[in-house]
Amino acid sequence: MANYWTQLSIEYANQRDYLDQLYRVYPIISGGQRDIDQSVFQTVEQEFYNQDNVRLIQALLQLKLFPIKDSFVAYLRKDPSALERNPQTVNRICGRLYELGLKKIYENCSQPKETNRQIGPMFRNWLHTKAIGLAPVNEKEFLSGSGNAILDGSDKELKDFAAKMLGFKRKKGLDFVGRFNGKYVIGEAKFISDDGGHQNAQFNDAMDTLKEPVADGVVKIAVIDGVPYIKSKNKIHKELLESDKPILSALLLRDFLYQI
C-alpha cells in the first residue's frame with residue numbers, strides 16, 4: 001500500500017490547482033536562443049563553401065550544440081583525432097550537413113537548452129526562497145546547532161556530507177539534506193514530465209536512493225512531481241502505489257518535514 005504522503009500527493013495533484021502551485025517550484029520557461037560565437041560560425045561558413053569536410057566538423061564541434069543528432073558526434077568531441085581516421089563517418093555526417101544548408105545549421109546550433117536540462121537547479125532555488133520556513137545554510141552553520149536546518153550546497157557537496165556523516169554510500173548526488181525535529185532527512189527531487197525513456201530513468205534514480213542503506217534514524221525521501229501522480233495504469237504510477245516509502249510532492253515537503 002502506498003505511503004500516506006504518497007497518497008496525499010496523488011490526491012493533491014488530482015483535486016487541486018496542482019500545476020499552478022507547482023510552477024512556484026519549477027518555473028519552467030522556454031529559453032531564448034543560444035548565443036553563437038560568430039567568429040566560429042564564420043569558419044563554419046567558409047569550410048561549408050570550401051566543402052572541406054574535416055574542417056567543417058572541427059569548426060562545428062567548437063559550438064555547444066551540434067546541428068544534427070548523430071550518435072558518433074559525442075565520440076568525435078572526445079577524440080577529434082578520429083576525424084582523420086574515419087573518412088566515411090566524416091563524409092556521411094557532412095552529407096547531412098550539406099543537405100541541411102547553412103541557414104538551418106545556424107538555427108539548429110542556436111536552439112534553446114532543452115527544458116529538462118534547466119530543471120536541475122530549480123528545486124534548490126526554491127528552497128532558497130524559504131518556502132520551507134528557513135533558508136539553507138553552509139556546512140559549518142548546519143553542524144553548529146541541533147535545531148531545524150537545511151544544508152546548502154551542490155548535489156555533490158550534499159552527497160559527500162551524507163557519505164561522511166550519515167552513512168550514505170551511493171555515488172549519485174543528492175538534492176536535499178536537512179535536520180528536522182532531531183532527525184536527518186536526505187533525498188532527491190525529480191520533476192517527471194512524461195513516462196518512458198529518460199523520464200523513467202529519472203524516476204528510478206530517485207527510487208534507488210530510497211533503497212540505499214544509511215545510518216540508523218536517517219529518513220530517506222523522494223520528492224517527485226509531475227505525471228507519476230496521474231491516476232493510470234502506467235508503470236510509474238503503479239510503482240508509487242506499491243511502495244511504502246515516503247514519496248511526495250515538493251508542495252507537501254514542508255508539512256512532512258515539520259511532522260517527522
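Visitor: Which residues does Tyr 26 touch, not counting those up to four places away in sequence?
Guide: This is a predicted model. Residues up to four places from Tyr 26 in sequence are set aside here. The contacts that remain are Ile 119, Met 122, Phe 123, Ala 189, Lys 190, Phe 191 and Asp 225.

Visitor: Which members of the largest nonpolar core touch the most other members?
Guide: In soluble globular proteins, nonpolar side chains tend to be buried together. Here the largest nonpolar core holds 45 residues. Those touching the most other members are Tyr 26, Phe 123, Trp 126, Phe 176 and Leu 253.

Visitor: Which strand gives the largest share of this core?
Guide: The core in question is the one with 45 residues. Its largest share amounts to five residues. They come from residues 219–226, that is, strand 4.

Visitor: How many residues are in the second, separate core?
Guide: Leu 60, Leu 76, Leu 83 and Ile 93 are included in this second core. It is separate, and its residue count is 25.

Visitor: In what order do the strands of the open sheet stand?
Guide: The sheet has five strands, and their pairing is mixed. Strand 1 (149–150) and strand 5 (247–248) each have a single partner strand, so one side of each lacks a neighbour in the sheet. That places these two at the edges. The order is 1-2-3-4-5.

Visitor: How many bridges join strand 3 to strand 4?
Guide: Strand 3 covers residues 183–192. Strands 3 and 4 run parallel, and the number of bridges joining them is eight.

Visitor: Which residue in strand 4 is the bridge partner of Glu 188?
Guide: Glu 188 also belongs to a network of salt bridges. Its bridge partner in strand 4 is a separate matter: Ala 222.

Visitor: Which residues are linked with Glu 188 in a network of salt bridges?
Guide: The structure has 18 salt bridges. One of them joins the side chains of Lys 211 and Asp 208, at 3.9 Å from N to O, which falls within the 4 Å cut-off. Both residues are in the network with Glu 188. Its other members are Arg 170, Lys 172, Lys 190, Asp 205, Asp 208 and Lys 211.

Visitor: Is Lys 211 buried or exposed?
Guide: Lys 211 lies three residues from Asp 208 in helix 13 (residues 197–211), about one helical turn away. Asp 208 is partly exposed at 32% relative accessibility. Lys 211 reaches 62%, and the cut-off is over 50%. Lys 211 therefore counts as exposed.

Visitor: How far apart are the closest N and O atoms of Lys 104 and Glu 107?
Guide: Both residues sit in helix 8 (residues 102–109), three residues and about one helical turn apart. Lys 104 is partly exposed at 37%, and Glu 107 is partly exposed at 34%. They form a salt bridge, with the closest N and O atoms separated by 3.5 Å.

Visitor: What is the N to O distance in the salt bridge of Asp 52 and Arg 55?
Guide: Asp 52 is partly exposed, with a relative accessible area of 28%. Arg 55 is partly exposed as well, at 48%. Their side chains meet with an N to O distance of 3.6 Å.

Visitor: How many disulfides does a search of the whole structure find?
Guide: Cys 94 is buried at 0% relative accessible area, and Cys 109 is buried at 3%. The cysteine sulfur nearest to that of Cys 94 belongs to Cys 109, 13 Å away. A disulfide needs sulfur atoms within 2.5 Å, so this pair does not qualify. Across the whole structure, the number of disulfides is zero.

Key: Residues are numbered from 1 along each chain as its sequence is written. This is a predicted model: local features need pLDDT of at least 70, side-chain atom pairs count only at pLDDT 80 or more; totals for chains, interfaces and linings use all residues. Side-chain values use heavy atoms; hydrogens and water are left out. A nonpolar core is a set of buried Ala, Val, Leu, Ile, Met, Phe, Trp, Tyr and Cys residues joined through side-chain atoms within 4.5 Å. Buried means under 20% relative accessible area, exposed over 50%, partly exposed in between (1.4 Å probe, protein chains only). Helices (H or I, at least four residues) and strands (E, at least two) are DSSP runs, numbered from the N terminus. Contact means heavy atoms within 4.5 Å. Two strands pair if DSSP finds at least two bridges between them.
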